[in-house]
Amino acid sequence: MTSLERRVAVESSRAAGRLLRDELSGSRRIAFKGAPTNLVTEMDARAEALIVDHIRAVFPDDAILAEERGAAAGRSGRRWIIDPLDGTTNYAHGVPIFGVSIGLEVEGRVSLGVVYDPMREELFVTERGSGAFVNDVPLEVSATTVLDASLLVTGFPYDIRENPDNNLREYAAFCVRARAVRRFGSAVLDLAWVAAGRFDGFWELQLGPWDAAAGALLVEEAGGRVTDLEGRPFDLDAPRLVASNGRIHGALLQVLDELRGPARPR
């Protein structure tokens with residue numbers, strides 16, 4: 001599809017990604033959003049401004065929810081959900097694992113998702129009902145059928161030092177049940193890689209809407225499944241996610257049930 005919305009999202013994500021890539025080796029001005037583990041840099045704000053300004057110029061009536069500047073109301077019934085730099089801690093340390101994410105929500109449902117990995121020049125794009133693609137090549141989730149043979153990925157909350165619900169128990173449990181568990185530090189890339197079949201499953205206990213909007217749609221459109229931790233539809237405004245190829249989804253939920261209490265029927 002060649003919708004104007006898709007074109008704007010792709011152009012904005014590429015422009016922000018180029019900016020981030022070109023400035024990766026520069027010196028950083030680092031601030032903290034509360035916890036000393038929750039970093040923000042001047043590049044978050046610069047990339048976000050670039051994206052928001054482009055979207056507002058074309059769709060001035062749309063609402064925008066961006067990680068750094070928060071929510072701006074609109075009157076169209078549509079909402080753009082933006083993470084200008086997912087993987088800020090990696091970026092601040094010069095680790096080339098980070099991404100840009102843009103989702104468009106229409107009448108309460110995400111209809112368009114774009115995730116851009118500027119270091120690998122991989123552009124993940126999806127529109128609801130039209131499949132998912134990376135650099136115009138169709139995506140398909142993995143064929144792995146058992147947890148024992150699965151490669152998983154996860155992340156941890158920024159308040160890991162104070163929050164007892166910090167994913168450490170879950171991480172330990174999956175480490176001895178799966179083939180391996182990775183932690184890359186960018187949820188938007190984690191979800192894109194589930195959609196690409198590189199990871200078999202993902203879970204995280206605490207995310208922001210900007211972390212999940214585009215990536216969850218990528219997984220679903222690539223043939224996977226996305227739910228909350230109990231197997232129900234997830235809340236985009238407070239995502240607690242399990243995403244998988246669908247084949248191991250029940251096994252992921254079962255492990256979480258054992259640790260966190262029984263879930264509702266799936």
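**Exercise 1. Describe the second largest pocket of this predicted model.**

Solution.
Step 1: Start with volume. The second largest pocket holds about 230 Å³.
Step 2: Look at the lining. It consists of 14 residues, and those closest to the pocket centre are Arg-109, Val-110, Arg-128, Glu-220 and Phe-234.
Step 3: Assign elements. E7, H6 and E14 each give two or more residues to this lining. H6 gives the most, with four residues.
Step 4: Sort by class. Eight lining residues are nonpolar, two are polar and four are charged.

**Exercise 2. Place Gly-224 in the chain, then decide: is Gly-224 buried or exposed?**

Solution.
Step 1: Find the loop. Gly-224 sits between helix H6 (209–221) and strand E14 (225–227).
Step 2: Check accessibility. The relative accessibility of Gly-224 is 17%. Buried means under 20%, so Gly-224 counts as buried.
Step 3: List its contacts. Setting aside neighbours within four places in sequence, Gly-224 touches Val-141, Val-219, Ser-244, Asn-245 and Gly-246.
Step 4: Compare sequence with space. Gly-224 and Gly-246 are 22 residues apart in sequence, yet their C-alpha atoms are 4.9 Å apart.

**Exercise 3. Examine the backbone angle phi at Glu-107 and Asp-136.**

Solution.
Step 1: Recall the background. Most residues other than glycine have a negative phi.
Step 2: Read the angles. Glu-107 has a positive phi of about 55 degrees. For Asp-136, phi is near 75 degrees, also positive. Neither Glu-107 nor Asp-136 is a glycine.
Step 3: Locate both residues. Glu-107 lies in the loop joining strand E6 (99–106) to strand E7 (109–117). Asp-136 lies in the loop between strand E9 (132–134) and strand E10 (137–138).
Step 4: Judge exposure. A residue is exposed when its relative accessible area is over 50%. Glu-107 has 75%, so Glu-107 is exposed. Asp-136 has 65%, so Asp-136 is exposed too.

**Exercise 4. Test helices H2 and H7 against the span expected at 1.5 Å a residue.**

Solution.
Step 1: Take H2. This helix covers residues 42–58, 17 residues in total. From its first C-alpha to its last, H2 reaches 25 Å, close to the expected 24 Å.
Step 2: Take H7. The helix runs over residues 249–260 and has twelve residues. Its expected span is 16 Å and its end C-alpha atoms are 16 Å apart, so the two values agree.
Step 3: Pick out the buried residues. In H2 they are Glu-42, Met-43, Asp-44, Ala-47, Glu-48, Ile-51, Val-52 and Ile-55. In H7 they are His-249, Leu-252, Leu-253, Val-255, Leu-256 and Asp-257.
Step 4: See what covers H7. Its buried residues are covered by elements including strand E11 (151–154), helix H4 (168–175), strand E13 (201–204), E14 and strand E15 (241–244).
Step 5: Look just past the helix end. Gly-261 follows H7 and has a positive phi of about 110 degrees.

**Exercise 5. How compact is the protein chain?**

Solution.
Step 1: Count the elements. The chain has seven helices and 15 strands.
Step 2: Compare radii. The radius of gyration is 18 Å, close to the 18 Å given by the globule rule for 266 residues, so the chain is as compact as a globular protein of that length.
Step 3: Add the box. Along the principal axes, the C-alpha atoms fill roughly 50 × 40 × 35 Å.
Step 4: Check burial. Of the 266 residues, 55% are buried.
Step 5: Check contacts. Among contacts between residues at least 6 apart in sequence, 61% join residues at least 24 apart.

Note on methods:
Residues are numbered from 1 along each chain as its sequence is written. This is a predicted model: local features need pLDDT of at least 70, side-chain atom pairs count only at pLDDT 80 or more; totals for chains, interfaces and linings use all residues. Side-chain values use heavy atoms; hydrogens and water are left out. Buried means under 20% relative accessible area, exposed over 50%, partly exposed in between (1.4 Å probe, protein chains only). Contact means heavy atoms within 4.5 Å. On a 1 Å grid over the protein atoms alone, a cavity is a set of points where a 1.4 Å probe fits but cannot get out, and a pocket is an open set with protein on both sides within 12 Å along at least five of seven lines; lining residues have an atom within 4 Å of a point. Grid points are joined across faces, edges and corners, and a volume is the space filled by probe spheres set on the points. Ala, Val, Leu, Ile, Met, Phe, Trp, Tyr, Cys and Pro count as nonpolar, Asp, Glu, Lys and Arg as charged, and the others, Gly among them, as polar. The expected span of a helix is 1.5 Å times one less than its number of residues. The radius of gyration is taken over C-alpha atoms; the globule rule is 2.2 Å times the number of residues to the power 0.38.
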